[in-house]
Amino acid sequence: MGAYGYLHWVAGVLFWLVSSLPLSPALGRASLPAVQVQAQSWHREGAGAWSCSPSSTTGAPRRQLRGVWIATVANLDWPSRPGLPTAVQQKEGRRLLDQVRALGFNAVFVQVRPLGDAFYPSRYAPWSAYLSGVQGRSPGYDPLGFLLSEAHRRNLEFHAWLNPFRVSFHDNLAALAPTNPARQHPAWVVHYAGALYLNPGLPAVRRLLAATVEELVRRYDVDGVHLDDYFYPYPVGKLPFPDSETYRQYGAGRYHSIADWRRANVNELIATLSQTIHRLRPAVKFGVSPFGVWRNRRSDPSGSATEAAVTSYDSLYADTRTWIRHGWLDYIAPQLYWPIGFRRAEYTTLVRWWVHEVEGWPVHLYIGQAAYKIGSGGPWSDAEEMPRHLRFDLGFAAVKGEIFFRVRSVLADPLGFARRLRTAIYRHPALIPVMSWLGGSPPATPRALQAQLQPQGTSRWSVTLRWQDGPTGQVATTYYAIYRLDGVASPDPCALKTPTALLATQRGLGADWQVFVDQLAPPETLYTYYVTALDRLHHESPPSTALVVHLP
């Protein structure tokens, strides 16, 4: 009958033999016991990784950051409008995170400081008007604490997204809350093009921002701190940014040009934030999502073959190359918001440039994607434009993931893109890549994996898995990965490296026994389950003993 048929027959006989054994009272009398098959131990090569041939790991990546920005500025994503009751804001937040999880994302980048304000109680910023409708008025709860807890419950990595220098979209200091540092220190503020900004050239401003980040990291168990592309403001026509007096006071004696001095100010901020974050919480990631063009080749031979009117280095004074090469960032997510074939800033050209830029440096590269442009006209009217971006990125090992701007743009399902994510592109979950330089190590292997079957109607079954943590050690388990393979799997670790093997991830329940339910499994099927444990930095334990389940 062949090896597979024989094993199938043996499993069926064993299932019949044990089906009359007493059932686990913890799972109810309707449960049916499953068959357990012990597999040989698996050995890793290196911390948290198995050695597999390239042929066994082809296809969609098993490890990939799949992120989405949740914008709070102007109530773009959450909450839907200011002044909503607490219960309504929280209901909206839970629903948003449920939808994020259902689409296959594994990380959220939540804007917690949109305009010199805060979505949490802070000594250094007033409450955001996007919560209560009035800057400085408490919403009656801690939105950051709430959303962080809800994201972790869904096993979503949570990055706190801050806009450091932007104060307001108007230029009326008197309209700010009395506790706003910009109102308390008007000399720190620059009026530019009808808006207000903190002056990056002032040491006091940079100290304020460092204190803001320190407060946040001390108080909240965030997974990352995230800045976007707003440093010095985007230029408005030929209107100069009015900081020449600050330059004369702080930079003229040390820098040949005001541009060099501005870049030095931003560099100092990035270095200080990196040191602050990693001193307080070494496992917290620090990343930036800059404008997608560093410099054009006509300005610098090492720049990209682009003709962008604005560049990160020359227009926003954000020298991302320096940040990468000094090890100040754990990840960089350039905003590549142009279509394939766009001459002045061509998508594939820029991906290749950024891949080369990070090569050899301890930093992860994620690509910022313009979900808000899908269906907006031109090349973006082609439903295949964004999927082509994602397929192209899979050709580069250096591209560790994608971040989409923004969540409600994705949820609107433009040209069916959300459906494509759910049913194809992100159909199978992925683990987040490991940043080895941040430390961490795999937890102990889960043990005592067992299962019970429960009928779901006349022709479907659910499989309830239970397991315990391995021996208590120094590495705490943050979450678990549940794998399911068709048939009786051979004890080959590379079988779990295939992108279709990972069934789900689940946050630890804080109990002696962990429980996961595989819903609506088809009958007359033979499955092999494994469970692994992961720390907060995604180092993975060896798999548990195999558990073979035969559905009648």
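Which residue in β19 is the bridge partner of Leu526? I looked this up before anything else. The partner is His550. I note here that the model is predicted.

**Entry: the sheet around β18**

I followed β18 further. This strand covers residues 525-534, and five bridges join it to β19. The two strands run antiparallel. I then traced the rest of the sheet. Four strands make it up, in the order β16-β15-β18-β19. The sheet is open, and its pairing is antiparallel. I marked the edges: β16 at 502-507 and β19 at 547-551. Each of these edge strands pairs on one side only. From one strand to the next, the twist averages 25°.

**Entry: the sheet around β7**

I moved on to another sheet. It is open, with three strands in the order β5-β7-β6 and antiparallel pairing. The edges here are β5 (166-168) and β6 (189-192), and each pairs on one side only. I took the turn between neighbouring strands, direction ignored: 35° on average.

Next I checked the pairs. Two bridges link β5 to β7, which spans residues 195-198. The two run antiparallel. Arg166 has Tyr197 of β7 as its bridge partner. On the β6 side I found four bridges to β7, again with an antiparallel run. Val190 stands opposite Tyr197. I therefore have Tyr197 listed twice: as the bridge partner of Arg166 and as the residue facing Val190, by the bridge criterion for strands.

How many residues lie between β6 and β7 in their hairpin? I found two. Ala193, in the turn, has a positive phi of about 50°.

Are the faces of β7 covered or open? I found both covered. Ala195 and Tyr197 are buried on one side, Leu196 and Leu198 on the other.

**Entry: nonpolar cores**

I turned to the side chains. The largest nonpolar core holds 112 residues. Val108, Phe158, Leu216, Ile270 and Phe404 touch the most other members. Which helix gives the most to this core? It is α8, residues 258-280, with eight residues.

I picked Leu216 for a closer look. Leaving out residues up to four places away in sequence, Leu216 touches Val112, Tyr120, Leu144, Ala160, Leu162 and Val222. Apart from the largest core lies another, of 19 residues. Its members include Tyr480, Val531, Ala533 and Leu547. For background, I jotted down that nonpolar side chains tend to be buried together in soluble globular proteins.

**Entry: helix α12**

I checked how much of α12 is covered. The helix runs over residues 385-393, and seven of its nine residues are buried. I listed them: Glu385, Met386, Pro387, His389, Leu390, Phe392 and Asp393. Which elements do the buried residues of α12 pack against? I found two helices and two strands: α11 (347-358), α14 (417-425), β11 (364-370) and β12 (399-405).

**Entry: whole-protein totals**

I closed with the totals. The protein has 14 helices and 19 strands. Of its 552 residues, 56% count as buried. I took the contacts between residues at least 6 apart in sequence: 72% of them join residues at least 24 apart. The accessible surface comes to about 22800 Å². Carbon and sulfur atoms account for 53% of that surface.

Note on methods. Residues numbered from 1 in each chain as written. Predicted model: local features only at pLDDT ≥ 70, side-chain atom pairs only at ≥ 80, totals over all residues. Heavy atoms only, no water. Axes fitted to C-alpha atoms, helices over the stretch in contact; angles between N-to-C directions. Core = buried A, V, L, I, M, F, W, Y, C linked by side-chain atoms within 4.5 Å. Buried < 20%, exposed > 50% of the residue type's maximum accessible area, 1.4 Å probe, protein only. Contact = heavy atoms within 4.5 Å. Areas by Shrake-Rupley, 256 points an atom, 1.4 Å probe, with all protein chains shown as cover.
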